[in-house]
Amino acid sequence: MSFKALGLSEALLKAISKKGYDTPSPIQAKAIPPVLEGKDVLASAQTGTGKTAGFTLPLLHILSEGQTLRKRPVRALILTPTRELAAQVYANVKEYSTFLELRSAVIFGGVNQKPQIANLRNGVDVLVATPGRLLDLHGQGVLSLSKVEIFVLDEADRMLDMGFLRDIQRVIKIMPEHRQNLMFSATFSKDIKKLAHGILNHPVQVEAQPENSTVDAISQKVYRVAKGKKTGLVIKLISEGDWKQVLVFTRTKHGANKLCKKMISAGITAAAIHGNKSQGARTKALAGFKNGSVRVLVATDIAARGLDIPLLPHVINFEIPNISEDYVHRIGRTGRAGASGEAISLVSADETTYLRAIEKLVGEKIPVEIIEGFEPDPDASTEPIKQGQGRQRQQRRSNKPKQSNTEGSNRSNKSRNSRSRKPKRNNRRPNTSNNKE
Ligand code: AMP
């Protein structure tokens, strides 16, 4: 199968070959034809499968074949949960539209809105956006979605995890009823199916790989270890293995910062990436990680979601996630593009229940090892860490007053905020980051 056989225009084929792609990935081969036919599509695919080109290429094809309206209203909207993903998708849109007469822009929170408004005023055919800033700018009257022909909801499962359901519903209301809809999600919970039912019209369903399966090229391993010895063990593994590019997942933002500091003290270059970091710090951390100046990126699930970091050799779960599907997303960061990868999980006694749930989901027993000096604590309780403990405590702590252009769904957070402690008065700037971790 070639890209040409999929029916894409010469201008797109030229851009694809400039990118160096020879053949469509499975999700592209499956999703592009129905999208080109104008059908709604529900796709099961996670980052790393080539899903972005799967919706961007046919979308650009359709728009370039259609009529360009004089004022250039937004004709395609791509909604993503995080700023990083928005930036990545936008970069792809730019590249694929090199030889087309189409304009694109990206808008997300946490940065000055003025340049974004200026871009919108110039006229934009394809808009990539996170929900918070999109609704904010729409509320300010600087953008209209009344001419949207194609709507893409990327990483829909993460959208729901981040509490964006209400925002998605608001966005739907300000678009024309008659439009083409594409929805991408890595997992398919009941809520996702319900959302899809509400948005999509007789969708064609496509999937890149069996639902919730782990990638064969990834070797998975569990180290049973005492909770208090995890930091020492992770430092030992990275130093002795001389690992150069490691993505470490922690359950909380606070945990990410703490671990990052310990790594740096141990002489390992590390950076943390999570919702409380400024956009500048996140971009810098990611750039450092990609160019090799930062060996370890410590991330929370939400911040890491959608990051395109090719050929990642090592992923470590400092804590295993209590949502089993997150495990699949996390380890999907390694072993990409045919390269082999290693996914390691440090598991203390109180995570045993979560480990069992993960093994059930992936349908296999993950091999266990114990390292001398880092043994599990035989007296530790196997009572699971309460759902959201730490994560929510962190959230409450970080519930500072927000400004209206905050990325994230402030509306759906209201009830939780109203129960939280009164925010302390301080002279710091309001938190513009996403608190939903
Ligand atoms: P995505 O899943 O959209 O984040 O894409 C993952 C990575 O695969 C990105 O670095 C893309 O540039 C790359 N990619 C997408 N499509 C292809 C293809 N057909 N051949 C080779 N690489 C691709």
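# Notebook: two sheets, one ligand shell

I began with β1: it runs parallel to strand β6 (residues 180–185), and four bridges join the two. Before going on, a reminder to myself that this is a predicted model.

**Entry 1: around β1.** I looked up the bridge partner of Val-41 in β6, and I found Leu-182. Then I turned to strand β7 (residues 204–207), which is also parallel to β1 and is joined to it by four bridges. There, Ala-43 has Val-206 as its bridge partner.

Which way do the β1 residues point? I noted that Val-41 and Ala-43 go one way from the strand (residues 41–44), while Leu-42 and Ser-44 go the other way. I also checked whether they are tucked in, and all of them are buried.

**Entry 2: the sheet that holds β1.** I wanted the strand order next. Seven strands make an open sheet, and I read them off as β3-β4-β2-β5-β6-β1-β7, with parallel pairing. Which strands sit at the edges? They are β3 and β7, since each pairs on one side only. From one strand to the next, the twist averages 15°.

I then found a helix on this sheet: α2 (residues 26–36) packs there and touches β1, β6 and β7. Its direction makes about 175° with that of β1.

**Entry 3: β5 and what flanks it.** I went to strand β5 (residues 150–153) and saw the two-way pattern there: Ile-150 and Val-152 point one way, Phe-151 and Leu-153 the other. Buried or exposed? I wrote down buried for all of them.

On one flank, strand β2 (residues 76–79) is joined to β5 by four bridges and runs parallel to it. I found Ala-76 standing opposite Ile-150 there. β5 is also joined to β6, again by four bridges and again in parallel. In that pairing, I have Ile-150 opposite Gln-180.

**Entry 4: the β3 end.** Here I checked how β3 connects to strand β4 (residues 126–129): four bridges, with the strands parallel. I noted Val-106 opposite Val-128 of β4. I also spotted helix α6 (residues 131–139), which lies across β2, β3 and β4 and runs at about 105° to β3.

While I was there I looked up Glu-101, which sits in the loop between α4 (83–96) and β3 (104–107). Why is Glu-101 called exposed? I counted it as exposed because 10 other C-beta atoms lie within 10 Å of its own, and the cut-off for exposed is 12 or fewer. I also compared Glu-101 with Leu-60: they are 41 residues apart in sequence, and C-alpha to C-alpha they are 10.0 Å apart in space.

**Entry 5: another open sheet.** I found seven strands in the order β10-β11-β9-β12-β13-β8-β14, with parallel pairing. Its edge strands are β10 (270–273) and β14 (368–369), each pairing on one side only.

Inside it, I followed strand β9 (residues 246–249) to strand β12 (residues 314–317): they run parallel and four bridges join them. Val-248 stands opposite Ile-316 in β12. Helix α14 (residues 324–331) packs on this sheet, and I listed its touching strands as β8 (218–224), β9, β12 and β13 (341–347). The direction of α14 makes about 155° with that of β12.

I added one more helix, α12 (residues 279–291), which lies across β10 and β11 (296–299) at about 135° to β10.

**Entry 6: the ligand.** How many residues are around the ligand, and which come nearest? I have 13 in the shell, with Tyr-21, Thr-47, Gly-50, Thr-52 and Ala-53 coming nearest. I sorted the shell into four nonpolar, seven polar and two charged residues. Helix α3 (residues 51–65) gives the largest share, three residues.

**Entry 7: the whole chain.** I tallied 17 helices and 14 strands in the protein chain. Of its 437 residues, 47% are buried. I also looked at contacts between residues at least 6 apart in sequence: 78% of them join residues at least 24 apart.

Last, I checked confidence. The chain averages a pLDDT of 84, and 83% of the residues score at least 70. Where does the pLDDT fall below 50? I marked residues 388–437, a stretch that has 79 contacts in the model beyond near neighbours in sequence. I'm careful with that part, because predicted coordinates should not be read in detail where pLDDT is low.

Conventions: Residues numbered from 1 in each chain as written. Predicted model: local features only at pLDDT ≥ 70, side-chain atom pairs only at ≥ 80, totals over all residues. Near = placed C-beta within 6 Å. Nonpolar A, V, L, I, M, F, W, Y, C, P; charged D, E, K, R; others polar. Pairing = 2+ DSSP bridges. Contact = placed C-beta atoms within 7 Å. Axes fitted to C-alpha atoms, helices over the stretch in contact; angles between N-to-C directions. pLDDT = per-residue confidence, 0-100. Buried ≥ 20, exposed ≤ 12 C-beta atoms within 10 Å, placed from the backbone.
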